[in-house]
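Here is my note on the model, as numbered points. Please read it with the structure open.

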Amino acid sequence: MLAEGSGQADKLGMRHLKKTGILSALAAGVLFLILFQNMSLVEFAALNIAGVDESARRGQARELLGDHYDGSFAQKLEDQEYLNYLVYQKLQKALGAKWEQRLPDLTRVLIHDARASRFDPVFILAIIQTESSFNPNAIGGAGEIGLMQIKPATAEWIANKEGIEWLGKDSLFDPMINIRIGIRYFAYLRSSFDHSANHYVSAYNMGPGNVRKLERNVASTGVDLRLIKPEYASRVLKNYNQIYDQMSREQFDLQKFALFRESSRPRRTDTSLGL
């Protein structure tokens, strides 16, 4: 009787475990559908948004982080899929429903122009976070406008220099125009300061003339300017690392989602073998 009772208990236990496993799988599926219900990977692929230039991304990440690149969240995303999707997702969450219809074009502009100027698109996102917290209508105390907080005079100068049609200061409220001009201006600063991240990031905030003046003053004292970490540059790097931290977690979820989708597909049965 004891053996028979134990066998029944074992059967009931196995049924319970099997039921629990099924429920867990269903719960995981629901979780992933909730996480990515706004835009599935299949739907995103149909938008034909180019991938992130990994060489440019990695190159600028090393430029920005220096010895801290190894072990960073930026390194964790080396050669990973879905980076363009993660850029899209960041813009979607930050800008909200108002810009939903223009998100694909905005993502294309950011990724394309970052690629053309050899920038990490996550760096551009970090600048936007630092400058305007993703508010396209932001106006700074010195007249800076839009996502990347560009002064109209600077925008007009860089637009004329780069052959971009200048449509007036109000055009800087358009996120695509703002990002396009902002990236070109950053490319100019980066080239002017020989790819020294501490210099060109600071120059975006305080102006290239002031950075050169500071450089001359520091040089006269024999102090290495690279040891100086301006507050603005520190905030940019903090946001840069935080965005990468979030993206690395979302990338992990995307990979689990892909594996879940694959494991959930019905197995094909070869009827020719009677299976």
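1. What volume does the second largest pocket have? About 300 Å³. The search ran on a 1 Å grid over the protein atoms alone; a pocket is an open set of points where a 1.4 Å probe fits, with protein on both sides within 12 Å along at least five of seven lines. Grid points are joined across faces, edges and corners, and the volume is the space filled by probe spheres set on the points.

2. This is a predicted model: local features need pLDDT of at least 70, side-chain atom pairs count only at pLDDT 80 or more, and totals for chains, interfaces and linings use all residues. Residues are numbered from 1 along each chain as its sequence is written, and side-chain values use heavy atoms, leaving out hydrogens and water.

3. The pocket lining has 16 residues, each with an atom within 4 Å of a point. Glu 144, Gln 149, Lys 151, Tyr 204 and Asn 205 are the closest to the centre. H7, H10 (197–206) and H12 (231–264) each give two or more residues. H10 gives the largest share, four residues. By class, the lining has seven nonpolar, five polar and four charged residues. Here Ala, Val, Leu, Ile, Met, Phe, Trp, Tyr, Cys and Pro count as nonpolar, Asp, Glu, Lys and Arg as charged, and the others, Gly among them, as polar.

4. Check confidence before reading details. pLDDT is the predictor's confidence in each residue, from 0 to 100. The chain has a mean pLDDT of 81, and 74% of its residues reach 70 or more. Among the elements, helix H1 (residues 2–35) has the lowest mean, 45, and helix H7 (residues 121–132) the highest, 98. Residues 1–7 have pLDDT below 50 and zero contacts beyond near neighbours in sequence. Residues 259–264 are also below 50, with three such contacts. Where pLDDT is low, the predicted coordinates should not be read in detail.

5. H10 also packs against helix H3 (residues 54–65): the axes come within 8 Å and cross at roughly 90°. Therefore H3 is roughly perpendicular to H10, a label for angles of 65 to 115 degrees. Axes are lines fitted to C-alpha atoms over the stretch in contact, and angles run from 0 to 180 degrees between N-to-C directions. Gln 60, Glu 63 and Leu 64 of H3 meet Ala 197, Tyr 200 and Val 201 of H10, where contact means heavy atoms within 4.5 Å.

6. Helix H6 (residues 103–116) and H9 pack at about 10°, with axes 10 Å apart. So H6 is roughly parallel to H9, the label for angles under 35 degrees. The contact has eight nonpolar, one polar and four charged residues.

7. H9 (residues 175–192) also meets helix H8 (residues 152–162); their axes come within 10 Å and cross at roughly 80°. The H8 side includes Trp 157 and Ile 158, and the H9 side includes Tyr 185 and Tyr 188.

Note on methods
Angles under 35 degrees count as roughly parallel, over 145 as roughly antiparallel, 65 to 115 as roughly perpendicular and the rest as oblique.
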